[in-house]
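Work through the exercises below with the sequence and the structure side by side, and try each task before reading its solution.

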Amino acid sequence: MGRSPKGDRPLTILLGRNMNVVVLHGSARKGGDSDTLADRFLAGLRETGTCEVEHFYAIDMSVAHCRGCGACSAGRCVVDDDMQRVYPAFSRADVVVLAAPMFWGYMTSQLKTVFDRLEAVASPKHFGGKDFVVFVTYRHYFGSTVEWLQRITSAFGSRLHAMTCRTYDPETERDIPIGEFPDRLEEARRLGRAIGGARSAEPSPCRAASAGARKTE
Ligand SMILES: Cc1cc2nc3c(=O)[nH]c(=O)nc-3n(C[C@H](O)[C@H](O)[C@H](O)COP(=O)(O)O)c2cc1C
């Protein structure tokens with residue numbers, strides 16, 4: 001690790017630490033409400049240091065349903081599909097961002113399918129120490145997704161930051177594009193700054209990066 005000119009503080013603290021970030025895009029609409037909040041969050045995060053960000057758009061991925069076969073108890077899911085790209089990225093991530101619109105009272109089925117397959121890494125070893133950031137956009141209700149995430153992050157020793165945003169006007173019954181909520185977009189950016197700042201101030205990396213190609217943003 002580098003040292004400051006005086007040799008008293010690690011340079012990573014002064015310059016901001018590199019963060020590994022995974023974004024699980026759960027929406028059926030690329031660039032929709034939840035994606036836009038996630039983008040603003042990433043902008044805030046980048047203000048505090050460098051980020052290696054991997055985006056996974058569940059709607060475009062080939063992810064089979066979990067078979068419940070239990071073979072992953074040996075440490076690896078045996079189903080060979082796009083989840084095999086997610087596992088290493090997820091494991092090395094410091095920050096996991098979920099763009100999670102509500103569909104019929106819960107996260108979208110494509111995001112739920114990805115989470116079912118995360119059963120293969122469902123342990124404090126893979127989940128612990130991470131910041132989970134969820135952007136739930138909704139018309140009427142957001143509780144189920146947030147409650148579930150509270151339970152798993154608490155059980156596995158990670159932190160949850162949930163931002164919920166109603167994108168609907170019940171009086172006019174109009175869906176309101178997230179762009180019409182500049183305060184909420186700014187809130188997402190500030191959340192990125194806050195989490196990035198807090199992680200940069202930590203004395204040592206939470207986990208070592210594993211091998212694999214990564215995209216630096
Ligand atoms: C098929 C479908 C089902 C939906 N079901 C719900 C729901 O059960 N509860 C809710 O609050 N909003 C529901 N919504 C509204 C979306 O969650 C909301 O418009 C959200 O902002 C969309 O985010 P996105 O642009 O990131 O996809 C539904 C929308 C669609 C298209």
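**Exercise 1. Find out which classes of residue make up the shell around the ligand.**

Solution. In the shell around the ligand there are 7 nonpolar, 7 polar and 5 charged residues, where Ala, Val, Leu, Ile, Met, Phe, Trp, Tyr, Cys and Pro count as nonpolar, Asp, Glu, Lys and Arg as charged, and the others, Gly among them, as polar. This is a predicted model, in which local features need pLDDT of at least 70 and side-chain atom pairs count only at pLDDT 80 or more, while totals for chains, interfaces and linings use all residues. Residues are numbered from 1 along each chain as its sequence is written.

**Exercise 2. Locate the residues that surround the ligand.**

Solution. Begin with the count, which is 19 residues (C-beta atom, placed from the backbone, within 6 Å), and then mark the closest, namely G32, S34, P101, T137 and Y138. Next, turn to the elements (DSSP runs numbered from the N terminus, helices being H or I of at least four residues and strands E of at least two): α2 (33-46) and β4 (131-138) each supply at least two residues of the shell, and α2 gives the most, with 3 residues.

**Exercise 3. Work out the order of the strands in the sheet.**

Solution. The open sheet has 5 strands in the order β2-β1-β3-β4-β5, with parallel pairing, where two strands pair if DSSP finds at least two bridges between them. At its edges are β2 (51-57) and β5 (159-166), each of which pairs on one side only. Looking inside the sheet, β1 (residues 19-25) and β3 (residues 95-99) pair in the parallel sense over 5 bridges, and V21 stands opposite V95 in β3.
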